[in-house]
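User: I would like to go through this model step by step, with short questions and reasoned answers.

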Amino acid sequence: MAERLAGKAAADHLYHKTRERAETFSKENGFSPCLAIVRVGSKPEDLAYERGVRRHAEDAGVALTTRELPEDVTEDGVIDVIHELNSDERVTGILLFLPLPQGMNQKKVVEEIAPDKDVDGATDASRLFTYTGAGAGFAPCTPEAVLVICDEYGISLEGKHVVVIGRSLVVGKPLSMLLLKRNATVTVCHSRTRNLASITKSADILVSAAGRIGMVTGNMVRPGQTVIDVGINFDQDGKMKGDVLFDDVSEIVDAVTPVPGGVGAVTTAVLLSHAVPAV
């Protein structure tokens, strides 16, 4: 049976480190780091995510404020709030809940976030930072959470063959860049990849970020592998499922992350760590 790579231990360790940094920041600046959430309307999924961030903000030593805007807010109205938060030195991070209402130019609005406050790595400036190391910004939280789990469990990436299923700008592509920085050899697969199972079996570490329930099955893995499931999907009963058929795969590989309780548990910890400026 595979080792279960639960995210709680990694998240708790990151909260502890972030809190130490936050305390140092507070002593040097006279105020606590603060994450500002900008939310349009009150969609249930947004409220659930916000509750999760609020629940852990104290663990990380980060203050939290929410700017809730009405559903009929204009695009300029959202931008005005972002500009206000950009200029507020006591706000050290901004999280804009997406997607924005239909009719808004989402990219235009996102690009108004100051790169050094873009805690979720959503702006082009953050992508430039992730891909080249130039400028200011952050990598998206989920790819970084994958690395945090690897570090927590002593999974070395150097020289390893890592296969990533998924090529989105949110997970697959930035994760590939982060892995390359750790000197991994990276293969990126996607919906058009041929002979996918033969490629996934060749991996030392397999990361699935395809967004498809049960995409990774037992016949796509082999003994000796580590499998990291980034998928967050919901079945017809509203139950959260990963990309990986956990019961089948865990009988074969050496280690695997669960869903829920794996990468997702670490993502919020990464988000809050980004809200604490370097000290």
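**Sheet and helices**

Analyst: In this predicted model, an open sheet of 3 strands is paired in parallel, and its order is 3-2-4.

User: Which strands are the edge strands of this sheet?

Analyst: An edge strand pairs on one side only. In the order 3-2-4, that description fits residues 63-69 and residues 93-96, and these are strand 3 and strand 4.

User: How many bridges join strand 2 to strand 3, and which residue is the bridge partner of Leu-35?

Analyst: Strand 2, made of residues 34-40, runs parallel to strand 3, and the two are joined by 7 bridges. For Leu-35 the bridge partner lies in strand 3, and that partner is Leu-64.

User: What covers the buried residues of helix 3?

Analyst: Helix 3 covers residues 75-87, and its buried residues include Val-78, Ile-79, Val-81, Ile-82 and Leu-85. The elements that cover these buried residues include helix 4 (106-110) and, from the strands, strand 2, strand 3 and strand 4.

User: How many residues of helix 6 are buried, and which elements do they pack against?

Analyst: Helix 6 has 12 residues and is mostly covered, with 9 of them buried. Among the buried ones are Pro-143, Leu-147 and Cys-150. The buried residues of helix 6 pack against strand 8 (226-229) and against three helices, namely helix 1 (8-29), helix 7 (172-181) and helix 10.

User: Why does the span between the end C-alpha atoms of helix 6 agree with what is expected?

Analyst: At 1.5 Å a residue, the 12 residues of helix 6 should span 16 Å, and this agrees because its end C-alpha atoms are apart by that value, 16 Å.

User: At roughly what angle do the axes of helix 6 and helix 10 cross, and is this parallel or perpendicular?

Analyst: The axes of helix 6 (residues 141-152) and helix 10 (residues 263-274) come within 8 Å and cross at roughly 110°. Angles of 65 to 115 degrees count as roughly perpendicular, so helix 6 stands to helix 10 as roughly perpendicular.

User: How many nonpolar residues does the contact of helix 6 with helix 10 have?

Analyst: Residues of helix 6 including Val-146, Val-148 and Ile-149 meet residues of helix 10, among them Val-266, Val-270 and Leu-271. By class, this contact has 1 charged and 3 polar residues, while the nonpolar residues number 9.

User: Is Thr-267 buried or exposed, and which residues is it in contact with?

Analyst: Thr-267 is found in helix 10, and it counts as buried because its relative accessibility is 12%, where the cut-off for buried is under 20%. Leaving aside neighbours within four places in sequence, Thr-267 is in contact with Cys-141, Thr-142 and Ala-145.

Definitions and conventions. Residues are numbered from 1 along each chain as its sequence is written. This is a predicted model: local features need pLDDT of at least 70, side-chain atom pairs count only at pLDDT 80 or more; totals for chains, interfaces and linings use all residues. Side-chain values use heavy atoms; hydrogens and water are left out. Two strands pair if DSSP finds at least two bridges between them. Helices (H or I, at least four residues) and strands (E, at least two) are DSSP runs, numbered from the N terminus. Axes are lines fitted to C-alpha atoms, for helices over the stretch in contact, and angles run from 0 to 180 degrees between N-to-C directions. Angles under 35 degrees count as roughly parallel, over 145 as roughly antiparallel, 65 to 115 as roughly perpendicular and the rest as oblique. Contact means heavy atoms within 4.5 Å. Ala, Val, Leu, Ile, Met, Phe, Trp, Tyr, Cys and Pro count as nonpolar, Asp, Glu, Lys and Arg as charged, and the others, Gly among them, as polar. The expected span of a helix is 1.5 Å times one less than its number of residues. Buried means under 20% relative accessible area, exposed over 50%, partly exposed in between (1.4 Å probe, protein chains only).
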